[in-house]
Every structure is written in structure tokens, then in C-alpha cells.
Amino acid sequence: MSDWTIKTKKRAKELKEQGFYNNWTKRNFGLITFFIYPDFQIDDEWFKKRLNIYKKNAKILGVKPPKVNFFVYPSIEIGKKIGIIPTICFIKMKEIHGHLNQSPGHELTHILVGKINNSKNLPGNGLWQEGLCTYLNGTKTNQRKHTLSLNFSEVTLATPWKKWRKHMPGNLYPLAGSIIQYLVKRYGWKKMILFLKKLKKAARNQDKISLDIFKKSLEEIQKDWSKWLKKD
Ligand SMILES: [Zn+2]
């Protein structure tokens with residue numbers, strides 16, 4: 001877990017103990033219970049969109065979606081003022097702190113990925129989790145095109161994926177999304193999910209399962225992806 005994740009988790013716990021969330025409006029939508037910042041109005045469509053993406057992604061990933069508590073802040077700034085950066089998901093606690101303008105699916109997908117493999121094997125800020133959550137974020141963004149538009153250096157594109165197993169810098173999330181996009185298009189969801197299920201803590205295990213499932217090493221797949229990324 002990154003430093004800010006630990007800090008935010010601690011802060012959320014403190015605030016709960018102080019009763020800070022007691023006057024937040026509670027809206028129960030079955031799988032997701034939303035807690036809304038006081039005196040803040042949100043359209044019903046906003047909630048339904050999240051619920052639908054959550055169900056849709058659960059089907060894609062082949063997992064049973066657990067019940068989630070979702071705290072909604074009006075903006076990142078308002079969260080920051082009270083010591084919470086509301087772009088965070090606590091997988092084990094099934095709790096999300098999100099803000100109004102965030103993509104509908106990103107944080108919710110973290111919860112679902114937690115059902116595929118535990119966060120020791122599939123680290124929360126790592127390439128595979130962030131790639132999935134970016135690819136399945138419920139927006140229409142084409143991650144390949146988005147990645148291209150960001151003009152990443154050749155060095156970045158050639159960085160071995162293993163390096164990002166535990167931590168993917170935030171500015172590289174679209175790149176992670178494009179990796180999942182490629183794998184899913186080339187090999188299908190079934191193999192993609194099998195790969196994720198078999199990942200173990202040690203990075204060296206990645207090569208073996210990649211060969212088993214995709215019949216290629218990750219290094220080869222990375223080269224294929226890089227060509228695909230730059231195609232017209
Ligand atoms: Zn994320």
C-alpha cells in the first residue's frame with residue numbers, strides 16, 4: 001500500500017469515529033450504498049450509472065459483486081480540506097471515497113478485481129489493477145488513442161511491465177489501460193482473467209503463466225503491444 005493510501009485510510013477511520021459522516025445523506029441502491037456530502041444534490045442518474053457499470057463489469061470479470069459503501073464528495077478540493085483525497089478504494093473494507101466528476105467505473109472496478117485475486121498477488125496500485133480499472137472505467141475513452149495522444153517517451157513505452165507490478169505512476173494509467181485493451185482484444189477476457197487469477201506475489205511467476213496462457217513471454221507481448229499502439 002502506498003503512503004497516501006495508508007494515511008487516507010487512517011483519516012477516514014478517525015473521521016468516522018468523530019461522527020463526521022453521521023449527517024451525510026444515505027441512499028441505498030442495493031449493491032451500493034451511497035453516503036452523500038451534506039447539503040449536496042446529486043441527480044438519480046449519477047447513482048444509477050455507477051450501479052449499472054458495477055453490475056456490467058462484474059459480468060465481464062466473472063465475479064459476484066459485493067456490497068459497497070460509497071462516500072461521495074463534491075470535489076477533490078473539498079475532500080483534501082478534511083484530509084481525504086477522494087479517489088480511493090479500500091478493497092477489503094469494500095469502501096470507496098469518490099468525487100462527483102470521477103469516471104463512473106474506476107473505483108468500483110477495484111472492488112471487483114479484489115474478487116479475482118487478493119491484493120498481495122495483484123497489488124492495488126500496480127499495472128494490472130490500474131489497467132483493468134482504467135479500461136473498465138465506464139467512459140467511452142479509447143485507451144490506445146488516449147495513450148498515443150500523451151506522447152510517452154520510447155523509454156517509458158519500453159519499460160518492462162514487471163517494473164510496474166506493484167506501483168504504476170498515476171500519469172501512466174492510460175498506458176496501463178491500453179495494455180489491458182490490447183490483451184483483451186488479442187486474447188479475449190477468458191485468458192485475461194485466467195492470467196490475473198494465476199498471478200502470484202513473485203514477479204518471476206508472471207513469465208511462466210504468460211507462456212502457459214498467452215503462449216508468449218510478457219516481453220514478446222510487450223513488443224506486440226507497442227506495434228499495435230503505434231499502428232495507424
Ligand atoms: Zn485505481
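Is Thr-156 buried, exposed or partly exposed?

## Thr-156

In this predicted model, Thr-156 is partly exposed, because 13 other C-beta atoms lie within 10 Å. A residue counts as exposed at 12 or fewer such atoms and as buried at 20 or more, so the count of 13 for Thr-156 falls in the class between.

Thr-156 sits in helix 7, which covers residues 154-158. Leu-172 follows 16 residues further along the chain, and the C-alpha atoms of Thr-156 and Leu-172 are separated by 9.1 Å.

## Helix 1

Helix 1 takes in residues 3-17, which is 15 residues. At 1.5 Å a residue, a helix of this length should span 21 Å, and the C-alpha atoms at its ends are 21 Å apart, so the expected span and the model agree. Just after helix 1 comes Gly-19, whose phi is positive, at about 75°.

## The sheet

Five strands form an open sheet with mixed pairing, in the order 1-2-3-5-4. The edges are strand 1 (25-28) and strand 4 (88-90), each of which pairs on one side only. On average, neighbouring strands of this sheet are turned by 20° against each other, direction ignored.

In the strand order, strand 3 stands between strand 2 and strand 5. Strand 3 is mostly covered, with five of its six residues buried.

## Partners of strand 3

On one side, strand 3 is joined by five bridges to strand 2 (residues 32-36), and the two run parallel. Phe-34 stands opposite Phe-70 of strand 3 in this pairing.

Strand 3 (residues 68-73) is also joined by five bridges to strand 5 (residues 95-99), again in parallel. Phe-70 has Ile-96 as its bridge partner in strand 5, and Val-72 has Gly-98. Phe-70 therefore has a residue across from it in each neighbouring strand: Phe-34 on the strand 2 side and Ile-96 on the strand 5 side.

In a regular strand the side chains alternate between the two faces of the sheet.

## The connection from strand 2 to strand 3

Which element joins strand 2 and strand 3 in a β-α-β unit? The element is helix 2, residues 44-61, and the unit made by strand 2, helix 2 and strand 3 is left-handed. The two strands of this unit are the parallel pair joined by five bridges.

Terms used: Residues numbered from 1 in each chain as written. Predicted model: local features only at pLDDT ≥ 70, side-chain atom pairs only at ≥ 80, totals over all residues. Pairing = 2+ DSSP bridges. Helix = DSSP H or I, 4+ residues; strand = E, 2+ residues; numbered from the N terminus. Axes fitted to C-alpha atoms, helices over the stretch in contact; angles between N-to-C directions. Right-handed = clockwise from strand over helix to strand, strands pointing away. Expected span 1.5 Å × (residues − 1).
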